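Dear colleague,

Please find below the structure that I agreed to hand over. My account of what was found in it follows directly after.

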Amino acid sequence: MKLSPREADGYFAKPDPGKTGLLIYGPDAMRVSLKRQQMLAALLGPTAEEEMRLTRMPAADLRKDPALLMDAVKAVGFFPGIRAVFVEDANDTAVPAVIAALEAWQQGDAQIIVTAGQLKATSKLRKAFEGHRNAYATGIYDDPPSRGEIERILGDARIRDVPGDSMSALVDIANEIGPGDFSRMVEKLALYKYEDSAPLTLDDIQAIAPQSTEAAVDDVLNIVAEGRGAEIGPLMGRLQAQGTNAVTLCIGATRHFRTLYTIASDPGGPAQGIGRLRPPAYGKRRDRLLRQAQSWGAFKLETALTLLTDTDLQLRSAGQTAPALALMERALIQLARLSRVG
């Protein structure tokens, strides 16, 4: 039988111990793995590994020895409780062993939990589970996590007092980073808030949120926007050592100053403009962007964007012979000076 995405969320949280098994498939291996972990934890409890009630096997092993799965499903456990056999990275080569185990399954046998990558509707593995009267199949896709899913992850980490603005920030972060990174971030957040009963704040999230791989680029752009020209040289040396491309830096600068222009040029003023940013800005980053936009004003930001456009064209010119990063550094120094012009 098929499980829709909405039905699957409920089933992962509370699986039926009387079912024969479950196939979880999808293009993102991390998302599939997280759902499998959630389902097995809910089905078997926290002591399944220690009590040997969970058997793991790579699907490749079934190609060599198809009887492995049947033997594991029918094996009698040493400890009481629900048992499961987890078959990882399955494809249609594992189908004969899986079909045999599904057909021979009886109440009291171990549940058959199978994970796979993307499977077409014609996949024999999908058909084996979808056509079984007592087994389920569900696809996991790259949709952003729902608010309910985020609340579940927070609840599992015992983070329960989450005001609306903090939840909105977490939703934005979850939509920007992968599910594995978000789960690790929540684990760090739980440690950060250990024995702290105060509500989760934006500053708490800011302290733990994964830093962008472009953190050094962000640093230099903030320095430029705040007119601190003397600090540009050392940071440019750091960017050069990291292999940062001048065109990439120019694109980042253009994006930053375009954001400032959006804020500064809003008909309702910068305070309203920053509230309309998508994705939204939160915490200290929000305050910093607002200060920069107010300091520059829309007119000077138009001049800054023109300068960056000219620099970008120069960097991409076929006849350009000057060092690219040197050209970019000169443009950034000019911007820093412009910020101080009254």
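How much space lies in the second largest pocket? The volume comes to about 790 Å³. Please keep in mind throughout that this is a predicted model.

**The second largest pocket**

The lining of the second largest pocket is made up of 31 residues. Those that lie nearest its centre are Lys35, Gln38, Glu149, Arg152 and Ile153. Four helices each supply at least two residues of this lining, namely α1 (5-13), α2 (29-44), α7 (147-156) and α9 (179-192). The largest share belongs to α9, with six residues. By residue class, the lining of the second largest pocket holds 16 nonpolar, nine charged and six polar residues.

Where does this pocket lie with respect to domain 1 and domain 2? Domain 1 spans residues 5-139 and domain 2 spans residues 147-208. Because both domains give residues to the lining, the second largest pocket lies between them.

**Strand pairing**

Several strands were examined, beginning with β3. Strand β3 covers residues 84-90 and is mostly covered, since five of its seven residues count as buried, that is, under 20% relative accessible area. Strand β3 pairs with two other strands. On one count, β2 (residues 54-58) runs parallel to β3 and is joined to it by five bridges; within this pairing, leucine 54 has alanine 84 of β3 as its bridge partner. On the other, β3 and β4 (residues 111-116) also pair in the parallel sense, over five bridges, and here valine 85 has isoleucine 112 of β4 as its bridge partner. The connection from β3 to β4 involves helix α5 (residues 95-104), and the three elements make a right-handed β-α-β unit.

Strand β5 (residues 135-139) is likewise mostly covered, with five of its five residues buried. Which residues of β5 point one way, and which the other? Ala135, Ala137 and Gly139 point one way, Tyr136 and Thr138 point the other way, and all of them are buried. The parallel partner described for β5 is β1, to which five bridges join it. In this pairing, leucine 23 is matched with alanine 137 of β5.

**Residues in loops**

Threonine 20 is placed in the loop between α1 and β1 (21-25). Is threonine 20 buried or exposed? Its relative accessibility is 1%, so threonine 20 counts as buried. A contact across the sequence may also be noted: 90 residues separate threonine 20 from alanine 110 along the chain, and their C-alpha atoms are separated by 7.9 Å.Two further loop residues have an unusual backbone angle in common. Most residues other than glycine have a negative phi. Methionine 52, in the loop between α2 and β2, has a positive phi of about 55° although it is not a glycine. Glutamate 195, in the loop between α9 and α10 (202-208), also has a positive phi, near 60°, and is a residue other than glycine. With a relative accessible area of 71%, glutamate 195 is exposed, the cut-off for that class being over 50%.

**Residues in helices α15 and α16**

Glutamine 292 is part of helix α15 (residues 283-316). Its relative accessible area is 3%, so glutamine 292 is buried. The C-alpha atoms of glutamine 292 and alanine 318 are separated by 35 Å, with the two positions 26 residues apart along the chain.

Leucine 327 belongs to helix α16 (residues 324-339). At a relative accessible area of 9%, leucine 327 is buried. Its C-alpha atom and that of alanine 246 are separated by 8.3 Å, and the two residues are 81 residues apart along the chain.

Yours sincerely

Notes: Residues are numbered from 1 along each chain as its sequence is written. This is a predicted model: local features need pLDDT of at least 70, side-chain atom pairs count only at pLDDT 80 or more; totals for chains, interfaces and linings use all residues. Side-chain values use heavy atoms; hydrogens and water are left out. On a 1 Å grid over the protein atoms alone, a cavity is a set of points where a 1.4 Å probe fits but cannot get out, and a pocket is an open set with protein on both sides within 12 Å along at least five of seven lines; lining residues have an atom within 4 Å of a point. Grid points are joined across faces, edges and corners, and a volume is the space filled by probe spheres set on the points. Ala, Val, Leu, Ile, Met, Phe, Trp, Tyr, Cys and Pro count as nonpolar, Asp, Glu, Lys and Arg as charged, and the others, Gly among them, as polar. Domain bounds come from an automatic or database domain assignment. Buried means under 20% relative accessible area, exposed over 50%, partly exposed in between (1.4 Å probe, protein chains only). Two strands pair if DSSP finds at least two bridges between them. A crossover is right-handed if, with the strands pointing away from the viewer, the path from the first strand over the helix to the second runs clockwise.
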